[in-house]
Each structure stands twice: as structure tokens, then as C-alpha cells.
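This report describes the fold of one protein chain and then turns to selected residues. The sequence and the model are shown first.

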Amino acid sequence: MHDTPIHLIIGDDIVGATVWDTPTGRDLLDRLPVTLTFADFGGQEKVARLDGGLTMEGMPSGDDPEVGDLGYYAPNGVVVLYTGEVGFWNGIARIGRMEGDLSVITEHHDDFTVTIERAG
């Protein structure tokens with residue numbers, strides 16, 4: 001396997017991203033395309049519940065994501081778009097990286113819909 005480019009489609013805007021070749025990343029890729037409703041969480045991340053969750057097998061017990069990372073938070077079963085610093089938390093899996101201007105994501109303070117699909 002290898003890292004896989006994806007698109008986050010928000011209305012008429014597209015944010016490019018890459019999903020890394022990890023067990024959790026591959027599990028997300030197997031579910032694409034998927035449309036999720038994201039909500040702001042603490043002004044530092046946007047989260048969306050993913051039915052059925054993703055595997056954490058073979059992943060570290062936690063991580064410290066960076067702004068622009070794509071992640072999964074296993075305790076709540078949510079896909080996370082990191083827009084601020086959150087620090088290390090058990091249950092976080094960093095699974096990819098968003099590219100370019102994140103204002104398309106950060107400008108949303110209410111719920112918004114994102115379609116995640118493979119690029120190309």
C-alpha cells in the first residue's frame with residue numbers, strides 16, 4: 001500500500017488531503033466515499049461521528065496531532081479535522097494530512113457537511 005490522496009468536499013470548495021498507509025487510514029479508505037456532518041469542538045477541531053468506528057489495531061495508544069492533521073478519536077468514534085493544538089491524548093490516531101488553506105474548514109462554527117472521497 002501507499003499514502004492515498006483524497007478530497008474533502010465542502011459545498012463548492014475542495015480541500016486536498018492525504019491518508020497515510022496505516023491500519024486506521026486503510027479502514028477509512030475502505031469506506032469512501034462517505035458524507036459526514038462535522039461540528040466544531042472547542043475551536044480546535046471539527047468532529048464527525050463515523051458509524052461503526054475504525055480499527056485501532058496496530059496503532060499507537062495515543063498521539064499529539066498537529067494543525068492540519070486528519071485523525072480519528074477512538075473513544076468517541078469520530079473523524080477529526082485538527083484546526084488547533086490539542087496536545088497528546090490516548091485514543092487519537094493521526095491518519096493523514098490536509099493541504100492548503102484550511103479557512104474553508106475553520107470558517108464553519110455551525111454544523112457543516114463534508115464528502116470525503118478518493119482524489120482522481
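Helices, of at least four residues, and strands, of at least two, are taken here as DSSP runs and are numbered from the N terminus. The model under discussion is a predicted one. By this assignment, the protein chain contains 2 helices and 10 strands. Read from the N terminus, these elements follow the order β-β-α-β-β-β-β-β-β-β-α-β. The radius of gyration is 13 Å, close to the 14 Å that the globule rule gives for 120 residues, so the protein chain is as compact as a globular protein of that length.

**Overall form**

Along the principal axes, the C-alpha atoms of the protein chain occupy a box of roughly 35 × 35 × 25 Å. Of the 120 residues, 45% count as buried. The accessible surface of the protein chain amounts to about 6,000 Å², and carbon and sulfur atoms contribute 47% of that surface. The chain carries 7 positive and 21 negative charges, and the mean positions of these two sets are 5 Å apart. Among contacts with a separation of 6 or more, 65% are made by residues 24 or more positions apart.

An unreviewed UniProt entry annotates residues 9-117 as "domain: Cyclophilin-like". In the model, residues 9-117 are 10% helix and 45% strand, and the C-alpha atoms at the two ends of this span lie 8 Å apart.

**Two buried residues**

Which element holds Thr 24? Thr 24 belongs to helix H1, which covers residues 23-29. Its relative accessible area is 0%, under the 20% cut-off, and Thr 24 is therefore classed as buried. Leaving aside residues up to four places away in sequence, Thr 24 touches Leu 54, Thr 55, Met 56, Met 59, Tyr 72, Ala 93 and Ile 95.

Leu 70 is placed in strand E6, residues 69-73. With a relative accessible area of 1%, Leu 70 is buried as well. Its contacts, again not counting residues up to four places away in sequence, include Ile 6, Val 19, Leu 28, Val 79, Val 80 and Leu 81. Leu 70 also touches the run Ala 93, Arg 94, Ile 95, Gly 96 and Arg 97. The C-alpha atoms of Leu 70 and Gly 96 are separated by 4.7 Å, although the two residues are 26 residues apart along the chain.

**Exposed and partly exposed positions**

Where does Asp 51 lie? Asp 51 is found in the loop between strand E4 (45-49) and strand E5 (62-63). Asp 51 has a relative accessible area of 66%, which is over 50%, so it counts as exposed.

Asp 110 is located in the loop between H2 and strand E10 (112-118). Asp 110 is likewise exposed, at a relative accessible area of 61%.

Ser 103 sits in helix H2, which spans residues 103-106. Its relative accessible area of 31% makes Ser 103 partly exposed.

**A cis peptide bond**

Pro 33 lies in the loop between H1 and strand E3 (34-41). The peptide bond leading from Leu 32 to Pro 33 is cis, with omega near 0°.

**Separation in sequence and in space**

The table sets out, for four pairs of residues, the separation along the chain beside the distance between C-alpha atoms.

| Pair | Separation along the chain | C-alpha to C-alpha distance |
|---|---|---|
| Leu 70 and Gly 96 | 26 residues | 4.7 Å |
| Asp 110 and Ala 39 | 71 residues | 6.3 Å |
| Ser 103 and Tyr 72 | 31 residues | 21 Å |
| Asp 51 and His 109 | 58 residues | 23 Å |

Asp 110 and Ala 39 are thus 6.3 Å apart in space with their positions 71 residues apart in sequence. For Asp 51 and His 109, a sequence separation of 58 residues goes with a distance of 23 Å.

Methods:
Residues numbered from 1 in each chain as written. Predicted model: local features only at pLDDT ≥ 70, side-chain atom pairs only at ≥ 80, totals over all residues. Heavy atoms only, no water. UniProt positions renumbered as here; feature names shortened; annotations may be inferred. Rg over C-alpha atoms; globule rule 2.2 N^0.38 Å. Buried < 20%, exposed > 50% of the residue type's maximum accessible area, 1.4 Å probe, protein only. Contact = heavy atoms within 4.5 Å. Areas by Shrake-Rupley, 256 points an atom, 1.4 Å probe, with all protein chains shown as cover. Lys, Arg positive; Asp, Glu negative; His and termini not counted. Charge placed at Lys NZ, Arg CZ, Asp CG, Glu CD.
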